Amino acid sequence: MQRQLITERPDWRRKAEEYGFRFHTLYGEPYWSEEACYRFTLPQVDYLEEVTAELHQMCLQAVDRVIHSEALLDKFRIPAHVRPFVADAWKNRQPSLYSRLDLAWGGEGDAKLLENNADTPTSLYEAAFFQWIWLEDQVAAGHLPAGSDQFNSLQEKLIERFRQLQQHSGIQLLHLSCCRDTAEDRATVQYLQDCASAAGVDNDFLYIDDIGLGEKGQFTDTGDRVISNLFKLYPWEHMFRESFSMKLADAGVRWLEPAWKSIISNKAILPLLWEMFPGHPNLLPAWFAEDNPPLPEKYVIKPLFSREGANIRIMDTRGEVARADGPYGEEGYIIQQFHPLPVFDGNYTVIGSWLIDDAPAGIGLREDKQMITQDLSRFYPHYFTG
């Protein structure tokens, strides 16, 4: 794994706008960056694929354990009134669409799981589509070796997954939703709409706050159509605490992502995984803060529901090393042993390893000058050679 400088495509901004990638620059700062890229070898890609598959299966085992334990449901802060709803989603094996594991790995040694973004992962469009266009263009321009490839079958697997859901679950119309005023979220959902359409799945979009409640307790769209299948880029932990959460079990909706993803996406899964698989080479020691564990020399404090690095603090024996502010923390914290991110040319780098359903499907890389990766951290493309 190497970070290497490369000539930017002269027209990439025009292409980004043409393809609808309008958040390539955020608040005047680059988000998509291609003055450099990351190069992998085929054995490194094979390793990441194997690690991702194994960690995902471990997480599924953890879900089954949580579902059958009131004590663990308490630790995961799953509200009592939605626990049967979450349990039914798991027992009925309601299907999932996609998720992303964040890994710390620099190409050698053991990759370490930092967290599991299994409910509302973003950076999908740029990982699945725009970095593939980058690869094709750079090979054609002679800036990458002939035969260069990319660990990226995301788009094909997404389309196939939508096709499977239509065939096996009888989806006639899929609604997709996200919050207003979130350009990245809306672009992610639009990309998923495109994939659903490519699979032959009829779909329609509405914002979360436009979802209504019908006379019989069904969720409805702005045209008063009953919503039977809904992809929502909106966290389960928020939904569980809103007034309509009392209606979730009776609404007759097939959810993407299913409610059992509220367990996998919770940071509480990190200490549970360490308890279930102690010493596993791809896990970091982790504990529930409420258990007052003995602290390692350097550690990370993470809120159970934190997203995009918010409210994460890095600590050592002298005190706080780094922090990111945000709105989380009331729900409680976990403590994870600190593991340094690999540094390339002064940049801290995180690998986002994607799964479609249960299958590894590709990676995307984010980097930052700061130790904590956040929503404005830059995205860089990658390729591999044999």
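A cavity is, on a 1 Å grid over the protein atoms alone, a set of points where a 1.4 Å probe fits but cannot get out, whereas a pocket is an open set with protein on both sides within 12 Å along at least five of seven lines, and lining residues have an atom within 4 Å of a point. Grid points are joined across faces, edges and corners, and a volume is the space filled by probe spheres set on the points.

The model is predicted, so that local features need pLDDT of at least 70 and side-chain atom pairs count only at pLDDT 80 or more, while totals for chains, interfaces and linings use all residues. Residues are numbered from 1 along each chain as its sequence is written, and side-chain values use heavy atoms, with hydrogens and water left out.

**Exercise 1. Determine how many cavities of 30 Å³ or more the structure has, and describe the lining of the largest cavity.**

Step 1. A search of the whole structure returns one cavity of 30 Å³ or more, and the largest cavity encloses about 70 Å³ of space.

Step 2. Its lining consists of Glu115, Asn116, Asn117, Glu237, Ser265, Lys267, Leu304, Phe305, Ser306 and Arg307. Helices (H or I, at least four residues) and strands (E, at least two) are DSSP runs, numbered from the N terminus, and strand S6 makes the greatest contribution to this lining, with three residues.

Step 3. Two of the lining residues, Glu115 and Lys267, also meet through their side chains in a salt bridge of 4.0 Å, N to O, the term being defined as a side-chain nitrogen of Lys or Arg within 4 Å of a carboxyl oxygen of Asp or Glu. This pair links distant parts of the chain, 152 residues apart, with Lys267 in the loop between helix H9 (261–264) and H10 and Glu115 in strand S6 (residues 112–117). Both Lys267 and Glu115 are buried, where buried means under 20% relative accessible area, exposed over 50%, and partly exposed in between (1.4 Å probe, protein chains only).

**Exercise 2. Identify the elements that line the second largest pocket.**

Step 1. The second largest pocket has a volume of about 220 Å³. Of the 13 residues in its lining, Tyr19, Gly20, Arg22, Ala187 and Gln190 are the closest to its centre.

Step 2. Helix H5 (124–140) and helix H7 (183–198) are the elements that supply two or more residues to this lining, and H7 gives the most, with six.

**Exercise 3. Compare the surroundings of the salt bridges Glu8–Arg13 and Glu275–Arg65.**

Step 1. Among the 30 salt bridges of the structure, the one between the side chains of Glu8 and Arg13 spans 3.9 Å, N to O. Glu8 counts as partly exposed because its relative accessibility is 29%, and Arg13 does so because its value is 44%.

Step 2. The side chains of Glu275 and Arg65 meet at 2.5 Å, N to O, in a pair that links distant parts of the chain, Glu275 lying in helix H10 (residues 269–276) and Arg65 in helix H2 (residues 42–67), 210 residues apart. Glu275 is partly exposed at 47%, and Arg65 is partly exposed at 35%.

**Exercise 4. Work out the order of the open sheet that contains S4, and place H2 relative to this strand.**

Step 1. The sheet has three strands in the order S1-S4-S22, with mixed pairing; two strands pair if DSSP finds at least two bridges between them. Strand S1 (2–5) and strand S22 (382–385) stand at the edges with a single partner strand each, so one side of each has no neighbour in the sheet.

Step 2. Strand S4 (residues 36–41) pairs with S22 in the parallel sense over four bridges, and Tyr38 stands opposite His382 in S22.

Step 3. H2 lies across S4 and S22, and runs at about 85° to S4, where axes are lines fitted to C-alpha atoms, for helices over the stretch in contact (heavy atoms within 4.5 Å), and angles run from 0 to 180 degrees between N-to-C directions.

**Exercise 5. Establish whether the faces of strand S11 are covered or open, and name its partners.**

Step 1. Five of the five residues of strand S11 (residues 229–233) are buried, so the strand is largely enclosed by the rest of the structure. Asn229, Phe231 and Leu233 are buried on one side, as are Leu230 and Lys232 on the other, and both faces are therefore covered.

Step 2. Strand S7 (residues 174–178) runs parallel to S11 and is joined to it by four bridges, with Cys178 opposite Leu233. S12 is likewise parallel to S11, through three bridges, and Phe231 stands opposite Leu256 in S12.
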